[in-house]
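Biologist: Hi! Could you walk me through this one?
Modeller: Happy to, here it is.

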Amino acid sequence: MSGRRTPADGPVALDDIDRALINALQGDFPLSRQPFAEVGLRLGLTEEEVLVRLQRLLDARVLTRFGPMFQIERIGGAFCLAAMSVPDDVFEHVAAQVNAFAEVAHNYRRVHALNMWFVLATERPDGIADCAGRIEAATGLPVFLFPKEREYFVEMKLEA
Amino acid sequence: MTDVAADELERRIIVATQGGLPLVPDPWGAVAGELGIPPEELLARIGSMLERGVIRRIGAVPNHYAIGYTANGMSVWDIDDAAIEAVGEWLGALSAVTHCYRRPRRLPDWPYNLFAMVHGRSHDAVREQIEDIAARLESRFPATCRARDVLFSSAILKKTGLRIRDAG
């Protein structure tokens, strides 16, 4: 996976403008015809500087994407956390199998007997169990589903 | 009930933008052009999707490793069912916690029913925060926490976000 970044890669060097831009762009993106110019105005940057820096941050994978984040539950879809216990000797192979499912939105290796944790996103609530079943069939390993029963708080902004 | 299914336009908006907005001076105009609708209609619809929570937010999604949060600990707690709502609300409001959910136990292997994500700049920093949370939890809600663990991530295997298919 070329897009993979591991803790060993360490942080990317960011300057103060990068940090200010990342912090400013974590919400309230203007719904206007010149949104990057507006963002630039707040930071003392030109529209072009904002666009160039943003592209560079995406290319360096400091940002994984830039755009709307959808709550698929609000349009009838579903998200579900899932976990598997994958033997070390087949871990890479199983990771590739699991990641090949478009429904797998992200996937983390974690240090535990349950060592692979991923999120399924499907357009219908019944798609979750169906997809988990297909992952079990493909990998021959059980998938534990951890649907959220209650969300207490979500704050996805991280100060850079 | 607009809640039940995305209408065709919202579906097309999601498909057109789920990979990200184009980095051009007028990204909404570009997306509107791709969808064959007036930019004003797109902006109005995006505003409505934000208001209804179909869009949570619009902006940059940082790779937390790259911005220095190299430790991401999923703290998990086995909390007495009678106290879970109160503990969840309290834990979720702590500034160290970025996500907090109640989820089902998977006994006997998995006794934990509360998940709280803690990000930090080192594993030790995250462990320290979780110890601090555990101590405060015990003093505020005595004997409600029966067991806990923390699962650190050792690799991001995939992070593409939501993808819905083009054909409706």
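Modeller: One term to begin with: a residue is buried if 20 or more other C-beta atoms, placed from the backbone, lie within 10 Å of its own, exposed if 12 or fewer, and partly exposed in between. This is a predicted model, where local features need pLDDT of at least 70, side-chain atom pairs count only at pLDDT 80 or more, and totals for chains, interfaces and linings use all residues. Residues are numbered from 1 along each chain as its sequence is written, and chains are lettered from A in the order in which they are written.
Biologist: Cool. What share of chain A is buried?
Modeller: Of its 160 residues, 34% are buried.
Biologist: And how many helices and strands does chain A have?
Modeller: Five helices and six strands, taken as DSSP runs (H or I, at least four residues; E, at least two) and numbered from the N terminus.
Biologist: Switching topic: how many residues does each chain put into the contact?
Modeller: Chain A gives 67 and chain B gives 70, with contact meaning C-beta atoms, placed from the backbone, within 7 Å.
Biologist: Which element of chain A gives the most there?
Modeller: That's β1(A), with eight residues.
Biologist: What does β1(A) pair with?
Modeller: Strand β1 of chain B, residues 55–62: the two run antiparallel and are joined by seven bridges. Strands pair if DSSP finds at least two bridges between them.
Biologist: Which residue stands opposite Phe66(A)?
Modeller: Ala60(B), in β1(B).
Biologist: Last one: how is chain B divided?
Modeller: Into domain 1 (8–51) and domain 2 (71–152), with bounds from an automatic or database domain assignment. Their C-alpha centres lie 38 Å apart.

Notes
Two residues are in contact if their C-beta atoms, placed from the backbone, lie within 7 Å.
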